[in-house]
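Hi,

Here's the structure I promised to pass on. Have a look at it first, then read my notes below.

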Amino acid sequence: MALLQIAEPGQSTAPHEHRLAVGIDLGTTHSLVATVRSAQPEVLRDAQGRYLLPSVVQYRADSSLRVGEEARAEAAADPHNTIASVKRLMGRGAEELQGLAGVLPYRVVAGEGLVRLQTAHGEKTPVEVSAEILRVLRQRAEESLGGDLTGAVITVPAYFDDAQRQATKDAAHLAGLSVLRLLAEPTAAALAYGLDKGAEGLFAIYDLGGGTFDLSLLRLQKGVFEVLATAGDAALGGDDMDHLIAEQILSHFAEQADNSPAWQRQVLLAARAIKERLSELEEASVELVLPSGEAAHWYLQRKQLESWIEPVIRRTFAPCRRALRDAGIRPEEIDGVVLVGGATRVPLLRKLVAELFGREPLADIDPDQVVALGAAIQADALAGNQRDDLLLMDVLPLSLGLETMGGLVEKIIPRNTPIPVAKAQEFTTFKDGQTAMSIHVLQGERDKVEDNRSLARFSLRGIPPLVAGAARIRVTFQVDADGLLEVSAEEVGTGVRAEVQVKPSYGLDDEAITRMLRESMDHAKEDVEQRRLAEARVEAERVREALDSALAKDAQLLDVAERERINLARSALLHALGGNSVAALNRAAEGVEKAAEVLVERRMNQAVHKAMAGHSIEEWSEK
Amino acid sequence: MPECRACQAELAPGSAICTQCGVLQPFDPSLSLFAVLGLEEGFAIDPAALRRQSLDRLRALHPDRFAQADAATQRQSLEWSTRINEAQAVLGDPLRRADYLFTRHFGHSALGEEMGSLRDPELLMRQMERREALEEAAGIRDQSALDMLRAQAHAEERQIQEQVAAAVAQPRAERIAPLLQEWQYLRKFLAEIDQNEEQWDFA
């Protein structure tokens, strides 16, 4: 029926035995996706060959969306709608942004609970912004692996608390990813070193990302990766160095420039660029365009830079000492220090870390890639492809506690306890016939409630009515292998299970997640529409090309009326190609095929004649 | 004999995985921490065997092994792994191991509130002296003094551990409980040393 079949028939790929699973490093500045192919982990690239996806999402005024490099390019021009470093906002409340407010040019919606940003597409939560980044990575993976993903391992800073982990998992859920595991970034890096470089012994993983710092101590032994202790700062990273440099640039040009978000963005990008250049060079300068349109440049020496950023680097040392103390390890017992994160390229950092641990740090695996590569190895193992000897034993990074009398916190599970872990605690009623009670769960190391992170308030209902003090409610706090908390409760005497209602302090409740999922389904519908349009367009193009090449060769086979009919159908097709209607494209392509039937038939006959020329009918029929 | 939940094969008590069909069994909360790890019950324990048994069990039962399984199986894996981690923590710490054995033997912990506070005046005196030394060292941020206090406390712990090991042959609550209580005090003291150092880091 088709004009002329050009493509090879039935070239679909055979069903794959290997389950497709990926590791995703959802970073503050960049994100990337990796997978294991032929037993080797490798990062996946986009059509332009880039593997780092800038973690930037632009909600454009024309209701379209840009993610990655294209969004970052717009950051200076459209600062309110271009969201960068969203990881710093994950699982956080609006009132916690004081320290970041001067730095981030977004319009934060005032209110309780988690942060919301005002964009051209309405209010967006950090979870939704992150989901857009994950969606692009998922698409990249499915395109380059040629199939649907079984699941993904997504990395989080080891020091992320429950709210931040839950937010990450919610984002993956929104992006349509099945999360096999949330994996601590330093653990992922250790996995890459342990399996790729065959490292064994005690290792310190020093991970300074764009916005987070983690130090993890691990014991690596025959496929067992045991986290002994982890410590860090979830609001300290390479970005802080950039901001220090940016402040210097801003004050240098204070008289020539206002403090517009666009100018701030430009300065921030320049600051990062000069920091990166000074990792290689002793001195460097950057070009800037002043708000007046005038070109300017700014010069900096490495020595000067180092004096500004040294305090940031030194701030990482207290968590290092804390982790060593928690694990009961002296620095000289460590067999290797692994550097992770782009910010660890800074030469001064390498020097100071070497001094702290008394040995040169390792950076054989690209510090930008190592986390994603380790996550890919874990994803491959979890998808059931191989590696039965691999065992990861991680810990709870921050203590879990309950609010008690006088606004104090009673710790129930201390930090650095191996997970999964559970702890049961008994409570009693203080009024006759009391059937409900409320529990406030906190995470952190401090004594007072207000100095710790509020995770959630759990209300227990359905307690059997008894005299005061007679009901014994056993509440179990279970932390799973993702480091996520779950609470269940039971009245010990009667065995009645109390109903637990969770009100996350800085998270999304189930209802909000359901609503967002529905919205993203609508999004997915749009995506399907887009794909159908693209496919219809490709098909229409193919028909046009086939027709043109047939006409070029054999137009003489047609009479004037036939040629006129084909030309009419052809212009209808060209018109449809200029539009956006799937139906019009399909109709026009069919119209061309129908009008050209006569041409196809004559060409076929002509071909048969040519083939039979010089042969007798008898010869053919014998075949 | 318990039966496999899937193929009804007979299983040894405490089995996590059916030897016939390989299906993960529901966790049995009545198993002792020793039984969870397949160790013989007693105060004397080989740390290498404890680690080996824990790792072997976790390798087979960790939630990572069941990432693709149904929710019920994942739940069982979570419960098994949680209990293995608990066994590792409790049995791996001689004080907690001793108190776990005490609880199994006498029906209550030696360290709970119902046991009352220390009555031995000599012990109380030692505890007060340690406290004063710590306050003095912390006040002037004397790291080497802190290190010495820590080493002393560790040495005292080892002594108590030997006394407990000798006492468990004929367990008497009134002999063992005070030992465990003093041990607990030493632990608190060591934690205070850590807290003091940590405050320096945060300051």
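How are α13(A) and α14(A) oriented to each other, roughly parallel or roughly antiparallel? They are roughly antiparallel, where that label is for angles over 145 degrees, under 35 is roughly parallel, 65 to 115 is roughly perpendicular and the rest is oblique.

Before the details, some housekeeping. This is a predicted model, so local features need pLDDT of at least 70 and side-chain atom pairs count only at pLDDT 80 or more, while totals for chains, interfaces and linings use all residues. Residues are numbered from 1 along each chain as its sequence is written, and chains are lettered from A and ligands numbered from 1 in the order in which they are written.

**The helix pairs**

Back to that first pair: helix α13 (residues 560-578) and helix α14 (residues 582-595) of chain A cross at roughly 160°, and their axes come within 8 Å. (Axes are lines fitted to C-alpha atoms, for helices over the stretch in contact, and angles run from 0 to 180 degrees between N-to-C directions. Helices are DSSP runs of H or I with at least four residues, strands are runs of E with at least two, and both are numbered from the N terminus.) Their contact has 11 nonpolar, 1 polar and 2 charged residues. Here Ala, Val, Leu, Ile, Met, Phe, Trp, Tyr, Cys and Pro count as nonpolar, Asp, Glu, Lys and Arg as charged, and the others, Gly among them, as polar.

Helix α4 (residues 162-174) of chain A packs against α3(A) at about 50°, with the axes 8 Å apart. That angle makes α3(A) oblique to α4(A).

**The sheets**

One open sheet has 3 strands in the order β6-β5-β7 (chain A), paired antiparallel; a pair needs at least two bridges found by DSSP. β6 (65-67) and β7 (82-84) of chain A are at the edges with a single partner strand each, so one side of each has no neighbour in the sheet. Helix α3 (residues 126-145) of chain A packs on this sheet and touches β5, β6 and β7 of chain A (contact means C-beta atoms, placed from the backbone, within 7 Å). Within the sheet, A:V56 stands opposite A:A84 in β7(A).

The other open sheet I looked at also has 3 strands, in the order β8-β9-β10 (chain A), with antiparallel pairing. In chain A, strand β9 (residues 117-119) pairs with β10(A) over 3 bridges, and A:Q118 has A:E123 of β10(A) as its bridge partner.

Cheers

How values were computed: Contact = placed C-beta atoms within 7 Å.
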